[in-house]
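Hello,

Here is the structure I promised to pass on to you. Please have a look at it first, and then read on for what turned up when I went through it.

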Amino acid sequence: MAQFFDIIGDDHRAMISRQPVYFVATAAAEGRINLSPKGYDTFRILSGSQVAWLDLAGSGNETHAHLAVDGRITVMFCNFEQPALILRLYGRGRAVLPEDGEWSGLAKHFTLLPGTRQIFVMDVDTVQTSCGYGVPLMSLERERPTLIKHHQKSDPDDWLAKQQARDRSIDGLPLRTTDRYFGDA
């Protein structure tokens, strides 16, 4: 049975802190729904009603584009160990780029990783838990180093040019691009 909460409580914080992967879902009024898995040590709880995560450049930037035009976002955590549990955060989010005024205050909560392009901030209005009985039991072998190695090897000018050329989502929505490179973060 699903339960709903107004804030992220201590038991929610504990569950979130144990998860090596989480999922971010966004959508605009038209076009594709985006669902992205996230790893590494990139998620932070800033308060009972606000979270943030470090975003590394990847194959697209759909979350940024969707948040710019719509703002709605869901983040989901699945407990792959015992006890079975799924936790969802519902709310509104926004992208903060390194050149934005909020950046330094937010960045202090993270260890910046090679390929960092933005921090997403989410104002949480609802926390939902559900049973998770259909989620398998699994254990983490290790983080996959490929993405970070890729960014470490990138030429800074080429990396920035590639990021700045990605100024539209796959559905043609506009997005802001960073002008900072974190290759040896």
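Five elements each supply at least two residues to the lining of the largest pocket: strand S3 (33–38), strand S5 (50–56), helix H2 (62–69), strand S8 (116–130) and helix H4 (146–153). Please keep in mind as you read that this is a predicted model. The largest share of that lining comes from S3, with four residues. In total 30 residues line the largest pocket, and those nearest its centre are Pro37, Lys38, Gly39, Tyr40 and Leu147. The volume of this pocket comes to about 690 Å³. As for the character of its lining, the residues divide into 11 nonpolar, 12 polar and seven charged.

There is enclosed space as well. The count of cavities of 30 Å³ or more is one, and the largest cavity has a volume of about 60 Å³. You can find it by selecting the residues that line it: Asn61, Arg117, Gln118, Gln163, Arg166, Leu175, Arg176, Thr177 and Thr178. Among these lining residues, one is nonpolar, five are polar and three are charged.

Next, the strands, and S8 is a good place to begin. Of the 15 residues in S8, 12 are buried, so that the strand is mostly covered. Which strands pair with S8 in the antiparallel sense? Strand S1 (residues 3–5) does so over three bridges, S5 over seven, and strand S7 (residues 85–96) over 11. If you would like to follow these pairings residue by residue, here are some positions to click on:

- From S1 to S8: Phe4 stands opposite Gln128 in S8.
- From S5 to S8: Met122 in S8 is the bridge partner of Val51.
- From S7 to S8, one pair: Val96 has Ile119 in S8 as its bridge partner.
- Another pair to S8: Arg88 has Gln128 in S8 as its bridge partner.

Gln128 therefore turns up in two of these entries, standing opposite Phe4 and serving as the bridge partner of Arg88.

S7 has a further neighbour in strand S6 (residues 72–79), to which eight bridges join it, and these two strands run antiparallel. S6 and S7 form a hairpin, with five residues between them. One facing pair to look at here is Arg72, which stands opposite Arg92 in S7.

On the annotation side, an unreviewed UniProt entry carries "domain: Pyridoxamine 5'-phosphate oxidase N-terminal" over residues 10–131. In the model, the chain over residues 10–131 is 17% helix and 48% strand. The C-alpha atoms at the two ends of that stretch are 18 Å apart.

You may also wonder about the cysteines. How many disulfides does a search of the whole structure find? The result is zero. A disulfide is a covalent bond between the sulfur atoms of two cysteines. For Cys78, the closest cysteine sulfur is that of Cys131, and at 11 Å it is too far for a bond. The cut-off used for a disulfide is 2.5 Å between the sulfur atoms, which is why the 11 Å from Cys131 to its closest cysteine sulfur, in Cys78, rules out a bond there. These two cysteines also have their own settings: Cys78 counts as buried, at 7% relative accessibility, whereas Cys131 counts as partly exposed, at 33%.

Two last spots may be worth a visit while you have the model open. Gly132 is found in the loop between S8 and H4. Is Gly132 buried or exposed? Its relative accessibility is 4%, so Gly132 counts as buried. Gly132 and Arg18 are 114 residues apart in sequence, and their C-alpha atoms are 15 Å apart in space.

The other spot is Ala165, found in helix H5 (residues 156–165). Ala165 is exposed, because its relative accessible area is 58% and the cut-off for that class is over 50%. The C-alpha atoms of Ala165 and Thr177 are separated by 8.3 Å, and these residues are 12 apart along the chain. Thr177 is also one of the residues that line the largest cavity, which brings you back to the enclosed space described above.

Happy browsing, and best wishes!

Methods
Residues are numbered from 1 along each chain as its sequence is written. This is a predicted model: local features need pLDDT of at least 70, side-chain atom pairs count only at pLDDT 80 or more; totals for chains, interfaces and linings use all residues. Side-chain values use heavy atoms; hydrogens and water are left out. On a 1 Å grid over the protein atoms alone, a cavity is a set of points where a 1.4 Å probe fits but cannot get out, and a pocket is an open set with protein on both sides within 12 Å along at least five of seven lines; lining residues have an atom within 4 Å of a point. Grid points are joined across faces, edges and corners, and a volume is the space filled by probe spheres set on the points. Ala, Val, Leu, Ile, Met, Phe, Trp, Tyr, Cys and Pro count as nonpolar, Asp, Glu, Lys and Arg as charged, and the others, Gly among them, as polar. UniProt positions are given in the numbering used here, feature names are shortened, and annotations may be inferred rather than shown by experiment. Buried means under 20% relative accessible area, exposed over 50%, partly exposed in between (1.4 Å probe, protein chains only).
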